There are 2 protein chains.
Amino acid sequence: MDRKNLQDTAPRLPIGALSRRTGCNIETIRYYEKIGLLSAPARSDGGHRLYGYGHLMRLGFVRRARELGFTLDEIRALLRLAEDRDRPCTEAREVAVVHLTDIRTKIADLQAMESVLAETVVRCADGKTPECPLLETLFGSIDPSARPPAG
Amino acid sequence: MDRKNLQDTAPRLPIGALSRRTGCNIETIRYYEKIGLLSAPARSDGGHRLYGYGHLMRLGFVRRARELGFTLDEIRALLRLAEDRDRPCTEAREVAVVHLTDIRTKIADLQAMESVLAETVVRCADGKTPECPLLETLFGSIDPSARPPAG
DNA sequence: TCTTGAACCTGTAGCCGCTACAGATCCTAT
DNA sequence: ATAGGATCTGTAGCGGCTACAGGTTCAAGA
């Protein structure tokens, strides 16, 4: 990989080819351009987008970052850091660490859901309860001391 | 809890009180009504919503199901099953099992993200690589000084 | 009774990250 | 020249809320 080529935007690929090469939907590519995540490419005489190697690199970056769950805003920041080569590592790492914390929180939340549900489904299956354990769980009891919504 | 009281909609609680007792945002309560998840309550002479015990139960149900990650459509189905008391358990269980599968898939996806990111952040931290390992990962490069991806 | 001001009303628009059209135009192979 | 695939712009929708704006109603205190 040669990051200098990020600047190489010599027009070669129409949007369909870029889509096939990156696995990114055509509509999504146009969306990324609209929100300023991908720079506007050159155009053919008829107005069709023509992308260069730099676009291919950037879009690949975006896609891989999305696969790791980064938000588009985080990716925007990472792309800026990738272009400014002076002190990216510390800051890039910070973005990743924050994101890692988010991911771990989500995993914990989902695992909590999973265990409640798995246990409930098992109780449903053993057919020993007259009522449906799942529905009973969901009806629960209203906590009269519940706090008002914040804000 | 007494599910028969789901039909009890004798007007007592204004929306703010319902909000406090369920922990559900006022705007969200109105939203649930708009999309037909909560039935429209009685109104005062001036047009203020007045909720009964049935609404309290239903909204509690909805909230708890949301906490377990059910979608509003799934909750709609569960509420129908909760009202039709003939053969709810099997079907309710099916909804839960499908949802459980979703949750487990999400957990697996997040754990895959977590391990890639955690490993990358560690490489960032040890400062042995000249390039930023995070950005290299996102660019999809093969770092010649790095070992092939461990299994 | 009158007056505050908190609670409530309706309606609309925004958030994220796409996706799905419609209806027009372009590009390329025959 | 023509067919038909690729691309264009623009708008609207998804889920599940949240945040206003600009108005009305309710309940407690003077």
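1. Symmetry first. Chain B lies on chain A with an RMSD of 0.1 Å after a turn of 180 degrees and a shift of 0.0 Å along the axis; the fit is least squares on C-alpha atoms of residues with pLDDT of at least 70 in both copies. That is how a two-fold axis relates its copies. In chain B, I107(B) has the C-alpha nearest the axis, 2.9 Å from it.

2. Housekeeping, before going on. This is a predicted model, so local features need pLDDT of at least 70 and side-chain atom pairs count only at pLDDT 80 or more, while totals for chains, interfaces and linings use all residues. Residues are numbered from 1 along each chain as its sequence is written, chains are lettered from A and ligands numbered from 1 in the order in which they are written, and side-chain values use heavy atoms, with hydrogens and water left out.

3. The interface fits the symmetry story. Of the interface residues of chain B, 88% are also interface residues in chain A, so the copies meet through the same surface.

4. Now DNA strand D. Which residues are the closest to DNA strand D? The strand is surrounded by 23 residues, and the closest are R30(A), R49(A), Y32(B), G46(B) and R66(B); "near" here asks for a residue heavy atom within 4 Å of the strand. The surface splits into 6 nonpolar, 9 polar and 8 charged residues. For that split, Ala, Val, Leu, Ile, Met, Phe, Trp, Tyr, Cys and Pro count as nonpolar, Asp, Glu, Lys and Arg as charged, and the others, Gly among them, as polar.

5. What part of DNA strand D comes within 4 Å of the protein? Of those strand atoms, 81% belong to sugar or phosphate, and the rest to bases. Phosphate oxygens of the strand sit 2.9 Å from a polar backbone atom of G16(A), 2.8 Å from a polar backbone atom of G46(B), and 2.8 Å from a side-chain N or O atom of S44(B). A polar contact is a pair of N or O atoms within 3.5 Å; within protein, one must be able to donate a hydrogen and the other to accept it, and residues adjacent in sequence count only if both atoms are side-chain atoms.

6. Elements giving two or more residues to this surface are α1 (15–22) and α2 (26–34) of chain A, plus α2 (26–34) and α3 (53–67) of chain B. The top contributor is α2(B), with 4 residues. Helices (H or I, at least four residues) and strands (E, at least two) are DSSP runs numbered from the N terminus.

7. Is α1(A) mostly covered or mostly open? Mostly covered: 6 of its 8 residues are buried, meaning under 20% relative accessible area with a 1.4 Å probe and protein chains only. The buried ones are I15(A), G16(A), A17(A), L18(A), S19(A) and T22(A). Their cover includes β1 (13–14), α2, β3 (49–51) and α3 (53–67) of chain A. Just after the helix, G23(A) has a positive phi of about 75 degrees.

8. T22(B) belongs to helix α1 (residues 15–22) of chain B. Its 15% relative accessibility makes T22(B) buried. The T22(B) side chain reaches the backbone nitrogen of C24(B) at 3.2 Å. Leaving out residues up to four places away in sequence, T22(B) touches L56(B), L59(B), G60(B) and R63(B), where contact means heavy atoms within 4.5 Å.

9. Last, the sheet. Chain A has an open, antiparallel sheet of 3 strands, ordered β1-β3-β2. β1 and β2 (42–43) are at the edges with a single partner strand each, so one side of each has no neighbour in the sheet. β1(A) and β3(A) are joined by 2 bridges, and pairing asks for at least two in DSSP. L13(A) has Y51(A) as its bridge partner in β3(A).

Methods. Buried < 20%, exposed > 50% of the residue type's maximum accessible area, 1.4 Å probe, protein only.
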